[in-house]
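Dear colleague,

I am handing over the structure we spoke about, and I would be grateful if you could look through it before reading my notes. What I found is set out below the structure.

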Amino acid sequence: MDGCVVWFTGLSGSGKTTTASELLGLLRGAGVRAELLDGDELRKTICKDLGFSREGRLENIRRVAFVAELLARNGVVALVSAITPYREMREHARSAIGRRYIEVYVECPLEECERRDAKGLYAKARKNEIERFTGISDPYDVPESPDVVIRTQDFSVADNARTVLDFLRVHGWLPAHVEGCV
């Protein structure tokens, strides 16, 4: 079975990693080879030398896309949770990954993301203590035609994970046995 890349994009605190983690559990529970590439974790490892300038962010996404495509090429469902704020970043990922790229827009109002912010990043950004913070002092280009849209303010984590799982099933990214297992 071919692997694929499920790329979760959205504001900080929108629910990207939470939803991707739930989906990871469903996939692994069904015996599907799956991995989660979390943007925050990747920033601490393979991208720790990069800043948050536009150029640094683009290089970050180039590296993540390379790893994700490598996993997918080897039959893994790679779940990427990364803000990916600029349209050109997502276009690069789609181009680098090709037909295996599935874009999931994790839609959540900025106010709700700020309310959820346990780390206090939005408050720091509003006090100008964090430069170039997506949604406050740096733009987030809303995807124009994502493959899937989930609304984390309106639906549960389980419902949103199943929405993505259903998309993967319908489009042939999961083996036939998965339908009866999850």
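At what angle do helix 1 and helix 7 pack, and how far apart are their axes? Before answering, I should say that this is a predicted model, and what follows should be read with that in mind. Helix 1, which covers residues 16–29, packs against helix 7, residues 157–170, at an angle of about 65°, and the axes of the two helices are 9 Å apart. The crossing in which helix 1 passes helix 7 is right-handed.

On the side of helix 1, the residues that take part in this contact are T18, T19, E22, L23, L26 and L27, and they meet V157, A158, N160, A161, R162, V164 and L165 of helix 7. Sorted by class, the contact between helix 1 and helix 7 is made up of eight nonpolar, three polar and two charged residues.

One of the helix 1 residues in this contact, T19, may be a good place to begin looking. T19 has a relative accessibility of 1% and therefore counts as buried, the cut-off for that class being under 20%. Leaving aside residues up to four places away in sequence, T19 touches V157, N160 and A161, and also F8, I150 and T152.

Turning to helix 3, which runs over residues 54–73, its 20 residues should span 28 Å at 1.5 Å a residue, and the C-alpha atoms at its ends are 28 Å apart, so the expected span and the model agree. The buried residues in helix 3 are G56, R57, L58, N60, I61, V64, A65, A68, E69 and A72, a list that includes the charged residues R57 and E69. Just after helix 3 comes G75, where phi is positive, at about 85°.

Two further positive phi values belong to residues other than glycine, namely N128, where phi is near 60°, and R132, where phi is near 50°. N128 lies in the loop that runs between helix 6 (121–126) and strand 5 (148–151), and R132 has its place in the loop between helix 6 and strand 5 as well. Is N128 buried or exposed? Its relative accessible area is 66%, so N128 is exposed, the class for values over 50%. R132, by contrast, has a relative accessibility of 32% and therefore counts as partly exposed.

With best wishes

Notes
Residues numbered from 1 in each chain as written. Predicted model: local features only at pLDDT ≥ 70, side-chain atom pairs only at ≥ 80, totals over all residues. Heavy atoms only, no water. Helix = DSSP H or I, 4+ residues; strand = E, 2+ residues; numbered from the N terminus. Buried < 20%, exposed > 50% of the residue type's maximum accessible area, 1.4 Å probe, protein only. Axes fitted to C-alpha atoms, helices over the stretch in contact; angles between N-to-C directions. Left-handed = near helix turned anticlockwise from the far one by under 90°. Contact = heavy atoms within 4.5 Å. Expected span 1.5 Å × (residues − 1).
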